[in-house]
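Reader: I would like a close look at one part of this structure, taken slowly. Please explain each term as you reach it.

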Amino acid sequence: MPGDFDKGAYPEPPRQTPVVDKQSGLPDPALIMSKLFYYSVDLPVTTFREAVDKIRANNKSVYYHQKFRRVPDLTECQHGDYPCYYEAEMQWRRDYKVDQEIVKVIQERLRACQQREGASHLQNCANEIQQFNEVTKNFQSRYGDLGAYASGRKCLMKQKERMMAAEAQSV
């Protein structure tokens with residue numbers, strides 16, 4: 001096979017790359033555009049990003065976990081203190097969302113246990129069932145029957161009515 005190799009059909013490549021013979025003394029327009037883009041867009045953006053990253057590296061707090069301080073309840077607000085009313089309302093809404101998530105987590109645990117245990121889930125998931133019933137009962141007693149426009153004030157009035165009914169029942 002090596003003997004029937006035809007050198008004319010497949011010439012050998014050149015040993016060195018030929019030097020480009022410039023026809024003009026002007027620089028390459030593509031090079032000019034790439035340098036212009038680098039110095040006008042890429043360099044300022046990169047420098048700004050590095051500065052922001054440096055500031056964030058010094059400030060190690062996690063940005064997606066916002067911690068709120070506890071604020072007074074509506075019962076602790078002075079009459080006519082509207083900023084206090086607003087803060088108490090926002091605190092109630094955060095508490096409501098947290099309580100919803102707690103119910104969801106407990107429900108997911110119960111479903112996982114039921115899926116894992118199969119037909120014998122009533123015996124093996126008794127703790128999860130009891131915990132789920134307790135959490136939903138507490139959630140329902142606090143937030144149930146508030147309607148679509150639930151608020152901290154409505155919840156407080158419901159609690160007050162429940163306490164008055166319990167006191168009247170005990171007398």
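Author: Let us begin where helix 4 meets helix 5: Gln140, Ser141, Arg142 and Tyr143 of helix 4 are in contact with Cys155, Lys158 and Arg162 of helix 5, where contact means heavy atoms within 4.5 Å and helices are DSSP runs (H or I, at least four residues) numbered from the N terminus. This is a predicted model, in which local features need pLDDT of at least 70 and side-chain atom pairs count only at pLDDT 80 or more, while totals for chains, interfaces and linings use all residues. Residues are numbered from 1 along each chain as its sequence is written, and side-chain values use heavy atoms, with hydrogens and water left out.

By class, the contact of helix 4 with helix 5 has two nonpolar, two polar and three charged residues (Ala, Val, Leu, Ile, Met, Phe, Trp, Tyr, Cys and Pro count as nonpolar, Asp, Glu, Lys and Arg as charged, the others, Gly among them, as polar). The axes of these two helices, helix 4 and helix 5, come within 8 Å and cross at roughly 105°, the axes being lines fitted to C-alpha atoms over the stretch in contact, with angles from 0 to 180 degrees between N-to-C directions. That makes helix 4 roughly perpendicular to helix 5, a term for angles of 65 to 115 degrees.

Helix 5 also meets helix 2, for Tyr85, Glu89 and Trp92 of helix 2 touch Gly152, Arg153 and Cys155 of helix 5, and this contact divides into three nonpolar, one polar and two charged residues. Here the axes come within 9 Å and cross at roughly 80°, and helix 2 and helix 5 are therefore roughly perpendicular to each other.

The structure holds seven aromatic pairs (rings of Phe, Tyr and Trp, the last by its six-membered ring, with centres within 6.5 Å). In one of them, Trp92 and Tyr143 have ring centres 5.7 Å apart and planes at 65°, so the pair is edge-to-face, the word for planes over 60 degrees apart. This pair links distant parts of the chain, since Trp92 lies in helix 2 and Tyr143 in helix 4, 51 residues apart.

Finally, the largest pocket is lined by 18 residues, among which Asp73, Trp92, Arg142, Leu156 and Gln159 lie nearest its centre. A pocket is an open set of points on a 1 Å grid over the protein atoms alone, where a 1.4 Å probe fits, with protein on both sides within 12 Å along at least five of seven lines, and lining residues have an atom within 4 Å of a point. Helix 5 gives the most to this lining, with five residues.

How values were computed
Angles under 35 degrees count as roughly parallel, over 145 as roughly antiparallel, 65 to 115 as roughly perpendicular and the rest as oblique. Rings of Phe, Tyr and Trp (its six-membered ring) pair if their centres lie within 6.5 Å; planes under 30 degrees apart count as stacked, over 60 as edge-to-face and the rest as tilted.
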